[in-house]
Amino acid sequence: MPSLDTNGHNGHANGTNGATPKKCESDSPSSLPPTSSIPQKFLSKPTELGVTLVGFSGGQSRPGTDAGPEVLTQAGLLTQLESDLGYTLHGDTHVRNFNAYQPTVTDRDNALSNSSTIDDPDVRGMKNPRSVSAVTEQISELVYAQARAGRLALTLGGDHSIAIGTVSGIARAIRERADTPNDLALIWVDAHADINTPETSDSGNIHGMPVSFLTGLATSSTSGIFDWLQPHHKISTTKLVYIALRDVDAGEKRILRENNIRAYSMHDIDRHGIGAVMDAALAYIGTNTPIHLSFDVDALDPMWAPSTGTPVRGGLTLREGDFICEAVAETGQCVGFDLVEVNPSLSQSEGGVGDTVRAGVSLVRCGLGDTLL
Ligand SMILES: [Mn+2]
């Protein structure tokens with residue numbers, strides 16, 4: 001594991017902020033651990049990060065979410081994960097332009113004329129169904145390869161439909177690995193439940209449906225859309241925990257109740273505090289289960305993260321968001337992390353994009369083991 005001390009990132013080593021400098025200086029500087037040194041239960045290569053950079057916005061209607069990974073990496077996120085947290089990075093160094101994938105008319109009708117004509121008509125009300133299905137299938141394979149190698153899989157989106165790929169890929173890898181006793185658990189941090197089926201969705205936007213496909217509540221039918229999702233890709237509704245919900249459709253509320261899905265809304269966070277909510281969420285999952293954390297930046301209040309497609313007021317503070325990530329990292333059970341729905345083309349105010357990107361960088365750092373002290 002690379003040492004952080006030589007380039008002075010650790011404030012303790014310099015003894016400049018009064019935090020018992022003598023004690024630190026009496027130790028060998030190289031004995032100070034990097035902040036990402038939490039013992040990992042389910043990663044055979046805990047210092048390696050498997051990065052997937054997903055430029056894709058086809059799961060919803062507003063352009064710009066595909067530029068999320070670009071602005072996050074331009075802000076230095078990946079460099080920080082290497083230099084500050086000591087990770088060795090694998091996978092993507094450049095953003096994949098998944099928006100370039102579009103089914104064309106020749107796919108279906110063998111038309112001779114214009115092969116670039118986009119032809120992706122609605123299926124069961126779903127918009128861009130062939131595109132989202134094909135893109136998430138590719139993401140699933142990419143993330144699977146990172147998780148199968150024993151790395152923590154970090155994915156930057158992109159809209160939240162991409163989680164159909166990330167979660168399915170990691171769930172499959174965890175099932176295949178002999179060192180993991182239990183199937184994958186999923187913590188979904190979001191203002192929205194994203195558990196509409198095509199039939200309950202009003203908008204038809206697939207970024208509101210990923211959890212229903214991942215849990216098998218939405219059937220893939222014979223349409224060819226998400227037919228690639230096999231049982232080994234899916235997760236149980238008993239392994240699913242929501243945090244920060246506050247804008248849940250009527251049909252989704254029914255789905256949550258009927259399936260007895262564990263969900264902590266903003267009301268629960270107001271009543272009990274984020275510490276107690278995370279204690280309860282992690283106790284529900286248990287200590288012997290790998291965790292994937294899928295974090296939609298719209299879980300944060302728009303005060304902190306305004307540049308996102310479906311902002312909802314009354315959300316998490318930045319510290320509450322960071323705490324969720326820190327608490328998951330502290331378990332040593334985290335095997336995957338998504339940050340999605342950063343949209344740099346949407347901002348109500350000057351500086352909104354910068355605020356959102358800084359919040360996103362902070363969330364990822366916390367989720368990957370950064371600590372305040
Ligand atoms: Mn979402």
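In this predicted model, L154 of strand β4 stands opposite F337 in β9. That pair belongs to a set of four bridges that join β4 to β9, and the two strands run parallel. On β4 there is also a pairing with β1 (residues 48-55), again parallel, through five bridges; here G50 has A153 of β4 as its bridge partner.

Strand β4 is mostly covered, with five of its five residues buried. The burial applies to both faces: L152, L154 and L156 lie on one side, A153 and T155 on the other, and all are buried. After the strand comes a loop that leads to α7, and G158 is found in this loop between β4 and α7. The peptide bond joining G157 and G158 is cis, with omega at about 15 degrees.

From β9 the pairing can be followed to β8. Six bridges join β8 to β9, and these strands run parallel. Within this pairing, F295 has L339 in β9 as its bridge partner. Between the two strands the chain passes through helix α12 (residues 318-330), and the β-α-β crossover from β8 to β9 is right-handed. Strand β8 also pairs with β5, in parallel and through five bridges, with L186 standing opposite H292 in β8.

Like β4, strand β8 is mostly covered: six of its six residues are buried. I291, L293 and F295 are on one side and H292, S294 and D296 on the other, and both faces are covered.

The crossover helix α12 has buried residues at E320, G321, D322, I324, C325, A327, V328 and A329. Its length fits its residue count: 13 residues at 1.5 Å a residue should span 18 Å, and the end C-alpha atoms are 18 Å apart, which agrees. Just after α12, G332 takes a positive phi of about 70 degrees.

Helix α7 (residues 163-176) can be examined in the same way. Its 14 residues should span 20 Å at 1.5 Å a residue, and the end C-alpha atoms are 20 Å apart, which agrees. Of these 14 residues, 12 are buried, so the helix is largely enclosed by the rest of the structure. The buried stretch consists of A163, I164, G165, T166, V167, S168, G169, I170, A171, R172, A173 and I174. What encloses the helix can be read from its packing partners: the buried residues of α7 pack against α6, β4 (152-156), β5 (185-189), α8 (210-214), β8 (291-296) and β9 (334-340).

One residue of α7, I170, shows this packing in detail. Leaving out residues up to four places away in sequence, I170 touches V143, A147, A153, L184, H292, V335 and G336. In soluble globular proteins, nonpolar side chains tend to be buried together. The largest nonpolar core here has 104 residues, and I170, I187, I243 and V335 touch the most other members. Helix α6 (residues 129-148) gives the most to this core, with eight residues.

Two buried residues other than glycine have positive phi values. A244, which lies in strand β6, has phi near 85 degrees. A244 counts as buried because 30 other C-beta atoms lie within 10 Å. D194 lies in the loop between β5 and α8, and its phi is near 50 degrees. With 27 other C-beta atoms within 10 Å, D194 is buried too.

A contrasting position is T219, in the loop between α8 and β6 (240-245). T219 has 14 C-beta neighbours inside 10 Å and therefore counts as partly exposed. The C-alpha atom of T219 is separated by 8.3 Å from that of T197, which is 22 residues apart from it along the chain.

Taken as a whole, the protein chain contains 13 helices and nine strands. Of its 373 residues, 51% count as buried. Among contacts with a separation of 6 or more, 75% are between residues 24 or more positions apart.

Confidence varies along the chain. The average pLDDT is 88, and 86% of the residues score at least 70. Over residues 1-32 the pLDDT is below 50, and this stretch has 30 contacts in the model beyond near neighbours in sequence.

Technical notes
Residues are numbered from 1 along each chain as its sequence is written. This is a predicted model: local features need pLDDT of at least 70, side-chain atom pairs count only at pLDDT 80 or more; totals for chains, interfaces and linings use all residues. A nonpolar core is a set of buried Ala, Val, Leu, Ile, Met, Phe, Trp, Tyr and Cys residues joined through C-beta atoms within 7 Å. A residue is buried if 20 or more other C-beta atoms lie within 10 Å of its own, exposed if 12 or fewer, and partly exposed in between; C-beta atoms are placed from the backbone. Two residues are in contact if their C-beta atoms, placed from the backbone, lie within 7 Å. The expected span of a helix is 1.5 Å times one less than its number of residues. Two strands pair if DSSP finds at least two bridges between them. A crossover is right-handed if, with the strands pointing away from the viewer, the path from the first strand over the helix to the second runs clockwise. pLDDT is the predictor's confidence in each residue, from 0 to 100.
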